[in-house]
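Good morning, colleagues. Please look at the structure on the screen while I describe its internal spaces and its ligand site.

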Amino acid sequence: MHGRLITLEGGEGAGKSTQAQRVCAWLRARGRVVELTREPGGTELAEAIRALVLRRWTEGIDPPTELLLMFAARAAHVRGLIQPRLAAGVDVVCDRFIDSSYAYQGAGQGIELRHVQALEALVLPALRPHLTLVLDLPPELGLARARQRGEANRFEDETLAFMRRVRECFLARAAADPQRCAVIDASGNPDSVFAGIVAVLEQRL
Ligand code: TYD
């Protein structure tokens, strides 16, 4: 018995966390056992790494350090939570996953693709999301929403140019892997965004 891994991706202010909860409720209403989790984070160790990597350090964090911390958290999360739940038949809904490393550390920070690929091969040898929902919206709108929420993390300090590279990377990865990914217009209100998601869930799950 195997559960399904469903990931939500997108830039800042796309409303992923709200939509992830709704996806869980939708699956539960269909009789599935579901666990909601997030990256970086999801286990005790991975949440501790999250606190480190999202903190504003006096000396900053250089891109390789950031990349390695993201993957350290992911390794702990995959072994400690995702794989055991999927093996037990539980559906796992994850707020951000591997695509965020390509988008933020790769396209955003400029880490070479081959380094991200090497870490993916190490940490996720055989694990691939069943479905990835890419919540897409113009970065201007996303950053304004994120700042309005007032829960600014270090990434919400990033420039518009950074967020444009992040968006292009998510869209390019979705276009390259249409079996796994669906792009959802996230510029509307939460109900209209969820309607777009439900159309995909009904078709693909
Ligand atoms: P979070 O508060 O979850 O942001 P959001 O509400 O926008 O989802 O913080 C997670 C931050 O970590 C987010 O800004 C993106 C970043 N991140 C990476 O840079 N690389 C990664 O691999 C992951 C999983 C997240």
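**The cavity and the ligand site**

The largest cavity holds about 110 Å³ of space. A cavity here is a set of points, on a 1 Å grid over the protein atoms alone, where a 1.4 Å probe fits but cannot get out; its volume is the space filled by probe spheres set on the points. Among the 15 residues lining this cavity (an atom within 4 Å of a point), Gly-10, Gly-11, Leu-137, Met-163 and Arg-167 are the closest to its centre. The lining consists of nine nonpolar, three polar and three charged residues, with Gly counted as polar. Helix α7 contributes the most, five residues.

I should add that this is a predicted model, in which local features need pLDDT of at least 70 and side-chain atom pairs pLDDT 80 or more, while totals for chains, interfaces and linings use all residues. Residues are numbered from 1 along each chain, and side-chain values use heavy atoms, without hydrogens or water.

Let us turn to the ligand. Which residues are closest to the ligand? Of the 16 that surround it (a heavy atom within 4 Å), they are Glu-12, Lys-16, Arg-96, Ser-101 and Gln-105. The shell has seven charged, four polar and five nonpolar residues, and α4 supplies the most, namely four.

Polar contacts are pairs of N or O atoms within 3.5 Å. Ligand oxygen atoms lie 2.9 Å from a polar side-chain atom of Arg-96, 3.0 Å from one of Arg-74 and 3.2 Å from one of Arg-50. The protein buries 94% of the 540 Å² that the ligand exposes when taken alone, by the Shrake-Rupley method with a 1.4 Å probe.

Note on methods. A polar contact is a pair of N or O atoms within 3.5 Å; within protein, one must be able to donate a hydrogen and the other to accept it, and residues adjacent in sequence count only if both atoms are side-chain atoms. Helices (H or I, at least four residues) and strands (E, at least two) are DSSP runs, numbered from the N terminus. On a 1 Å grid over the protein atoms alone, a cavity is a set of points where a 1.4 Å probe fits but cannot get out, and a pocket is an open set with protein on both sides within 12 Å along at least five of seven lines; lining residues have an atom within 4 Å of a point.
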